[in-house]
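Please look at the sequence and the structure below before reading on. The report then goes through selected parts one by one.

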Amino acid sequence: MSVFVLLFNARTDNEGIYSTQVGDRNVILMFEQEDDAVRYADQLEAEDFPKPTVEGIDPEEIEEFCQDSDYDCILVTAEMLVTPPTLSLEETDWQPEGRKPEPVADGDIDLEAMRKRLERLL
């Protein structure tokens, strides 16, 4: 059996797996149905995330990765309705291909990015 996860920059040295935060824990979503993973990926893209790739993978491989990385994982079944959180981290452990991280001094706030996010909510 395979589950479907969301990867950024799949099969590159800069690959990242999508996770969400539940409380103080990072949680990787493992989708039972590919269509549900694709729908979630489309929702992320609509919220200005880079488009993730949906990849089928052995659930044991994800569980092992989570154990090694101190992450949790959740199986999203066909009966569950999940949507991306409305807030996301500004910093990630990976960067979209071709984009270099922008240095941010302590205390600096990107007001323009915050304004754009608020406008999208309207």
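The text below covers one helix, several strands, two cysteines and one glutamate.

This is a predicted model, in which local features need pLDDT of at least 70 and side-chain atom pairs count only at pLDDT 80 or more, while totals for chains, interfaces and linings use all residues. Residues are numbered from 1 along each chain as its sequence is written, and side-chain values use heavy atoms, with hydrogens and water left out.

**Helix H2**

Helices (H or I, at least four residues) and strands (E, at least two) are DSSP runs, numbered from the N terminus. Helix H2 spans residues 59-69, and its buried residues are Pro 59, Ile 62 and Cys 66. They lie on the same side of H2, because they cover an arc of only 60° around the axis. The arc is that of the directions from the helix axis to the C-beta atoms. Buried means under 20% relative accessible area, exposed over 50%, and partly exposed in between (1.4 Å probe, protein chains only). On the face turned away from the buried side, H2 carries the exposed residues Glu 60, Gln 67 and Asp 68. At the start of H2, a side-chain oxygen of Asp 58 comes within 2.8 Å of the backbone nitrogen of Glu 60. Asp 70 follows H2 and has a positive phi, near 60°.

**Strands around S4**

Two strands pair if DSSP finds at least two bridges between them. Strand S4 covers residues 25-31 and is largely enclosed by the rest of the structure, because 5 of its 7 residues are buried. The table lists its two pairings.

| Strands | Bridges | Direction | One bridge pair |
|---|---|---|---|
| S3 and S4 | 4 bridges | antiparallel | Val 22 and Arg 25 |
| S4 and S6 | 5 bridges | parallel | Val 27 and Asp 72 |

The hairpin of S3 and S4 has 2 residues between the strands, and Gly 23 there takes a positive phi near 65°.

**Two cysteines**

The structure holds 0 disulfides, a disulfide being a pair of cysteine sulfur atoms within 2.5 Å. Why is there no bond from Cys 66 to Cys 73? The sulfur of Cys 66 is 4.1 Å from that of Cys 73, its closest cysteine sulfur, which is too far for a bond. Cys 66 is buried at a relative accessible area of 2%, whereas Cys 73 is partly exposed at 25%.

**Glu 55**

Glu 55 is in strand S5, residues 53-57. Glu 55 counts as buried because its relative accessibility is 18%. Its side chain makes a polar contact with the side chain of Arg 11 at 2.7 Å. A polar contact is a pair of N or O atoms within 3.5 Å; within protein, one must be able to donate a hydrogen and the other to accept it, and residues adjacent in sequence count only if both atoms are side-chain atoms.

Notes: Contact means heavy atoms within 4.5 Å.
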